[in-house]
Amino acid sequence: MPTSSQPEALRLAVIGGSGLYRLGLGPLAQTHQVTTPFAAEPVCIIEEQTAAGKVLFLPRHGEQHSIAPHRINYRANVWALHSLGVTHVIAINATGGISAGMIPGRLVIPDQVIDYSHGREHTFFSEQHSLAHHIDFTNPFDQQLMERLAASIKQAKMEYRIGGVYGCTQGPRLETAAEIRRMYRDGCDIVGMTGMPEVALAREMGLRYAMLALVVNRAAGLGVGEISLDDVKLVLQQGVDGIRIVLGHCSQLLLAH
Ligand code: HPA
């Protein structure tokens, strides 16, 4: 048993979003099939051996992108990561850009969330509630992990913004122009469909969690004409290569210390 004077053993996982269906940082070390109380099917988690150590990977939409944002079993996923001893999670999320500067290709490390999703299983504490289960969520992301991510993007000499509000919509449809105008008034910088309840469940499990968001389009009503999925796919393809480089640096930084 570690004593309180020993540092926590760091175990890193990456949750992949649209465009990132395999981690690709090193050879396959192990495939985990984790049974959880939340699904009949086990959660499949890939473990890779990188230069700095092992990293776990879970593509939240499935390897073939067959799971819609509102159908993702967020509880099973977070539970499975926790049960494998994960302590730190880097989540990758494709997003639409709302505020100035949030243009396709930009990397963003948000520090706040507004949840517009609904009807999702969003807590581990539905059945056994107590006062202790009102988790503090003032700052939903882990500051230290955000800073490590920022340092890794700097190392990769890529542009990014640290801080910003991620608005989570229900999907799978994109938003109307009026919904995006409302989100802008609310203070949202970027919009995606999968950040919640994932971030909150990670907090309930005591995991350190940060998001690396890639802007893949200007949000509805802010670009020229309608949103082109072909354009989005192109930005995703290019962006994912950069994200892999950042993840390589960040896993080195985290696992080497
Ligand atoms: N809206 C919501 N989710 C998204 C978007 C968007 O414009 N782009 C990528 N994911």
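What follows is a conversation about reading backbone and strand features in a predicted model.

Biologist: Let's begin with the backbone. Which peptide bonds are cis, the one from Gly171 to Pro172 and which other?

Modeller: Omega is the angle to read here. For the bond from Gly171 to Pro172, omega is near -5°, and the bond is cis. The bond from Met196 to Pro197 is also cis, with omega near 10°.

Biologist: Where are Pro172 and Pro197 found?

Modeller: Each sits in a loop. Pro172 belongs to the loop between strand 9 (165-168) and helix 3 (177-186). Pro197 is in the loop between strand 10 (190-192) and helix 4 (198-204).

Biologist: Now to phi. What is the sign of phi at His65, positive or negative?

Modeller: Positive: phi of His65 is near 50°, and His65 is a residue other than glycine. You will find His65 in the loop between strand 4 (54-59) and helix 1 (74-83). Lys157 is another non-glycine residue with positive phi, near 55°. Its place is the loop between helix 2 (143-155) and strand 8 (160-162).

Biologist: Why does His65 count as partly exposed, and why does Lys157 count as exposed?

Modeller: Relative accessibility decides it: exposed starts over 50%, buried lies under 20%, and partly exposed is in between. His65 has 34% relative accessibility, so it counts as partly exposed. Lys157 has 76%, and therefore counts as exposed.

Biologist: Let's turn to strand 9. How do I read the directions of its side chains?

Modeller: The general idea is that side chains in a regular strand alternate between the two faces of the sheet. In strand 9, Val165 and Gly167 point one way, while Tyr166 and Cys168 point the other way.

Biologist: Are those four residues of strand 9 buried or exposed?

Modeller: Val165, Tyr166, Gly167 and Cys168 are all buried.

Biologist: How many bridges join strand 7 to strand 9, and do these strands run parallel or antiparallel?

Modeller: Strand 7 (residues 112-115) is joined to strand 9 by four bridges, and the two run parallel. Take Val113 as an example: its bridge partner in strand 9 is Tyr166.

Biologist: And how many bridges join strand 9 to strand 10?

Modeller: Three, and these strands run parallel as well. Here Cys168 has Gly192 in strand 10 as its bridge partner. Between the two strands, the chain passes from strand 9 through helix 3 to strand 10 in a β-α-β crossover that is right-handed.

Biologist: So Pro172 comes in the loop between strand 9 and helix 3.

Modeller: Yes, and the bond leading from Gly171 into Pro172 is cis.

Notes: Residues are numbered from 1 along each chain as its sequence is written. This is a predicted model: local features need pLDDT of at least 70, side-chain atom pairs count only at pLDDT 80 or more; totals for chains, interfaces and linings use all residues. Side-chain values use heavy atoms; hydrogens and water are left out. Buried means under 20% relative accessible area, exposed over 50%, partly exposed in between (1.4 Å probe, protein chains only). Two strands pair if DSSP finds at least two bridges between them. A crossover is right-handed if, with the strands pointing away from the viewer, the path from the first strand over the helix to the second runs clockwise.
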